[in-house]
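Student: I should like to go through the reasoning behind the terms used for this model. May we take them one by one?

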Amino acid sequence: MKLVIHGRNIEITDAIREYVHQKIEKAANHFLNTTNEIDVHLSVARNPRIDSKQTAEVTVYANGAVIRAEESSENLYASIDLVADKIARQLRKYKERRLDKKTQTQVKTSDVVEQAPVETDLIGSRTPELPSEVVRTKYFAMPPMTIEEALEQLELVGHDFYMFRNAETGEINVIYERNHGGYGVIQPRPNGNGNHKNGKTAHASSSASEAKR
């Protein structure tokens, strides 16, 4: 298993490195055989107004799955302790779901994702604005998966959206949590037509936040 530690606005000392290895390896101890790599990002906020300045983020790559946890506090070592406990719970949850999946029938797509008409105007009269600075660039494998598998990944990474390659269409899709409950899927509109070849209605969006409505 490969464990990589990155630092932002902080020097990764030998003491910090040893503490991370001790805590994270213990948290993933029962999953070492299935874990390919663990990335740890430690950062310190420069803004003095932010109370929880010390942040620890852990991403585990295990057999094609991505499990993520993040915690912040006023002390870096406390943040590492918190994120180690959290990633351990996430890994247990991942293992339990894999075991349950072997004994349960697969849920139909229509039961998981709400199908809705294509949105024609998501941002109204507002002008889209992009961030002025790219803070981090991430690269990761994107094996084909079903919408049900993407939903599992969404819950494991702890984000409100997850990008994946749809195993049925081969296209890049985004599954996201809706503000009013449930989940939605953003799919590309092929050839200017609102319907996919399988007859399902696609969600189109140029704004992830507006798509959650």
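Tutor: Helices are DSSP runs of H or I with at least four residues, and strands are runs of E with at least two. In this predicted model, the protein chain then reads β-α-β-β-β-α-α-β-α-β-β-β-α along the sequence. Five helices and eight strands are found in the protein chain.

Student: Why is Leu154 called buried?

Tutor: Buried means under 20% relative accessible area. Leu154 has a relative accessible area of 1%, and therefore it counts as buried. Across the protein chain, 36% of the 213 residues are buried.

Student: Where does Leu154 lie, and which residues is it in contact with beyond its neighbours within four places in sequence?

Tutor: Leu154 belongs to helix α4, residues 147-157. Contact requires heavy atoms within 4.5 Å. Beyond those neighbours, Leu154 is in contact with His159, Asp160, Phe161, Tyr162, Ile175, Tyr176, Glu177 and Tyr183.

Student: What makes β5 and β8 edge strands?

Tutor: Four strands form an open sheet of mixed pairing, in the order β5-β6-β7-β8. Strands β5 (144-145) and β8 (183-186) each pair on one side only, and they are the edge strands. Helix α4 packs on this sheet and touches β5, β6 (161-166), β7 and β8. The direction of α4 makes about 150 degrees with that of β6.

Student: How do you know that β7 and β8 pair?

Tutor: Pairing needs at least two bridges found by DSSP. Strand β7, residues 172-177, has four bridges with β8, so the criterion is met; the sense is antiparallel. Tyr176 has Gly184 in β8 as its bridge partner.

Student: What makes Tyr19 and Tyr77 an aromatic pair, and why is it called edge-to-face?

Tutor: The structure holds one aromatic pair. Ring centres must lie within 6.5 Å, and planes over 60 degrees apart count as edge-to-face. For Tyr19 and Tyr77 the values are 4.9 Å centre to centre and 80 degrees between the planes, so both conditions are satisfied.

Student: Which parts does this pair tie together?

Tutor: Tyr19 lies in helix α1 (residues 14-27) and Tyr77 in helix α2 (residues 76-103), so the pair ties together parts that are 58 residues apart in sequence.

Student: Why does Tyr77 count as partly exposed?

Tutor: Under 20% a residue is buried and over 50% it is exposed, with partly exposed in between. The relative accessibility of Tyr77 is 34%, so Tyr77 counts as partly exposed.

Note on methods. Residues numbered from 1 in each chain as written. Predicted model: local features only at pLDDT ≥ 70, side-chain atom pairs only at ≥ 80, totals over all residues. Heavy atoms only, no water. Buried < 20%, exposed > 50% of the residue type's maximum accessible area, 1.4 Å probe, protein only. Axes fitted to C-alpha atoms, helices over the stretch in contact; angles between N-to-C directions. Phe/Tyr/Trp six-rings, centres within 6.5 Å; stacked < 30°, edge-to-face > 60°.
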